[in-house]
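Visitor: I'd like a friendly walk through this model, strand by strand and core by core. Could you show it to me?

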Amino acid sequence: MKQHRFLHRLEQADFAPAYGHVRKVGAGVVEATGPIAAPGDLCDIECERENGHGERWVPAEIVAVDERRIVLIPLESGGVIRPDAKVVARPHHRRVPVGDGFAGRAVDALGRPIDGGAEILAAAAMPLDGIVPRPMERADPSRSLETGLRAIDGLLTLGIGQRIGVFAASGVGKTSLMEQLATQIGSDRCIICLVGERGREVEAMWSLLSARPDAPRFTLVAATSDESAALRVRSVQYALCLADYWRARGEHVVLMVDSVTRMAMALREIGLAAGAPPTVRAYTPNVFAALPRIVERCGAVRSGGAITAVMTVLSETDDVDDPIVELMKSLLDGHIVLSRSLAEQGHFPAIDIARSISRQSERLVSGDQATAMRAATGMLAAYDEARVMIESGVYKGGTNPAVDRAISGRAALGSFLRQARREHSRPDETVQRLRGLVDGVRVNA
């Protein structure tokens, strides 16, 4: 029997909440005398409306606690917080609503609808921090993941439950690639979390997903760039809670996070506000503690469910050298690197095969495909190594058989790797075409 929404609200009510008072207000940070709570808990702060008419309550997250004070970051703007304002603890603040009601909906980091639909009635509540599966509870990916992209299915085969990163600088087609993966990957559920994105990008993504015939399969969680750092971090945690709920029921969930770098920047803001010492590139220790937990919450479990994670990581340049990039490379089960030079040539998707890797591909493909993968990758690597000599006209045919094969197969391999944004290639067609390409180059050589 379905619970009435009034009873649901009654269960969430707290008729004697703990409280304290504001004693200091800074830029995006508030210090208060209470209530007694832990970092990550939510409170409501009394404030005046900006137009001066009446008062309202602004939600805030506790980021630090000591014996004299608590430090909070307001989650919303739109009010004037003054010293001695009341700070009230929220009931059930460490649990978030989840359930099938969130399927086919777009919500913010607090689970509130942003798609103009009705209020969502949750089926259950889960702890925001979630539970990381134990090592022996995990299951290695045993089935390949169909993406519909030849470059990935053919040369960088992924598995269900794998954690993969898409590494790219700005303007190289990252968003287009994520949209294509979201609409083409087969799964029971697909959760897309947009962290620190422009509002226009959120609206465009939801318009694309909500217009599809399989729209109920998608859930969008968004925290735009103008929202507080706490909300941006919370959006990823909330998306993971939804994924945890459906994985626990044995479903395959694809979780797409765009981007981990913006989440790291939000964590840095929180860490600095809490007084944590800055380390490399001013990132605070909480960044390097939170990201491994986010990655480890994903994956396949022996009970049958799986969370396949696709996380984008922004690099300041095409050289993958910043600490967040290096950390994520060490945590994930593979990485797909996008190249600006390929994007400028109109090559989509602009995947640099030589710099990309899937650590599960050899276990998921047949022997014939593995041989073809190595041959194709070898041709790309040989051409890149001799690129300067080839393009300057210095190289003479017959000098190096490997380079000769790379030159002979370059056009066919480039055609294989290029793919239109709405083009879907079945895995069997991809493998057959790859084998034919490699065999044809061997005969011509």
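Visitor: Which residue is the bridge partner of Cys193 in β16?
Guide: Keep in mind that this is a predicted model. Strand β15 covers residues 189-197, and β16 covers residues 218-224. The two strands pair in the parallel sense over 7 bridges. In β16, the residue bridged to Cys193 is Val221.

Visitor: What handedness does the β-α-β unit of β15, α4 and β16 have?
Guide: Helix α4 spans residues 199-210. Together with β15 and β16 it makes a β-α-β unit, and that unit is right-handed.

Visitor: Which residue of β17 is the bridge partner of Ile191?
Guide: β15 also pairs with β17, residues 252-258, in the parallel sense over 6 bridges. Within β17, Ile191 is bridged to Leu255.

Visitor: How many residues of β15 are buried?
Guide: Buried means under 20% relative accessible area. Strand β15 is mostly covered, and its buried count is 9 of 9 residues.

Visitor: Which helix gives the largest share of the largest nonpolar core?
Guide: That core has 61 residues, and Ile191, Leu291, Met311 and Met328 have the most contacts inside it. Ile191 touches Ala239, Leu242, Ala243 and Trp246, among others. The largest share, 13 residues, comes from residues 229-248, helix α5.

Visitor: How many residues does the second, separate core have?
Guide: In a regular strand, side chains alternate between the two faces of the sheet. Ile191 is in the largest core, whereas Ile192 is in the second one, along with residues including Ile353, Ala382 and Ala406. The size of that second core is 54 residues.

Visitor: Where is Ser259, which a cis peptide bond joins to Asp258?
Guide: Omega for the bond between Asp258 and Ser259 is about 5 degrees. Helix α6 covers 260-273. Ser259 itself is placed in the loop between β17 and α6.

Visitor: What is omega for the peptide bond from Gly34 to Pro35?
Guide: Pro35 sits in the loop between β2 (30-32) and β3 (42-49). The bond from Gly34 to Pro35 is cis, with omega near 10 degrees.

Visitor: What is the relative accessible area of Arg281?
Guide: Arg281 lies in the loop between α6 and α7 (285-296), and its phi is positive, near 50 degrees. Ala282 is found in the loop between α6 and α7 too, with phi near 70 degrees and 33% relative accessibility. Arg281 counts as partly exposed because its relative accessible area is 38%.

Terms used: Residues are numbered from 1 along each chain as its sequence is written. This is a predicted model: local features need pLDDT of at least 70, side-chain atom pairs count only at pLDDT 80 or more; totals for chains, interfaces and linings use all residues. Side-chain values use heavy atoms; hydrogens and water are left out. A nonpolar core is a set of buried Ala, Val, Leu, Ile, Met, Phe, Trp, Tyr and Cys residues joined through side-chain atoms within 4.5 Å. Buried means under 20% relative accessible area, exposed over 50%, partly exposed in between (1.4 Å probe, protein chains only). Helices (H or I, at least four residues) and strands (E, at least two) are DSSP runs, numbered from the N terminus. Contact means heavy atoms within 4.5 Å. Two strands pair if DSSP finds at least two bridges between them. A crossover is right-handed if, with the strands pointing away from the viewer, the path from the first strand over the helix to the second runs clockwise. Lists of a residue's contacts leave out its neighbours within four places in sequence.
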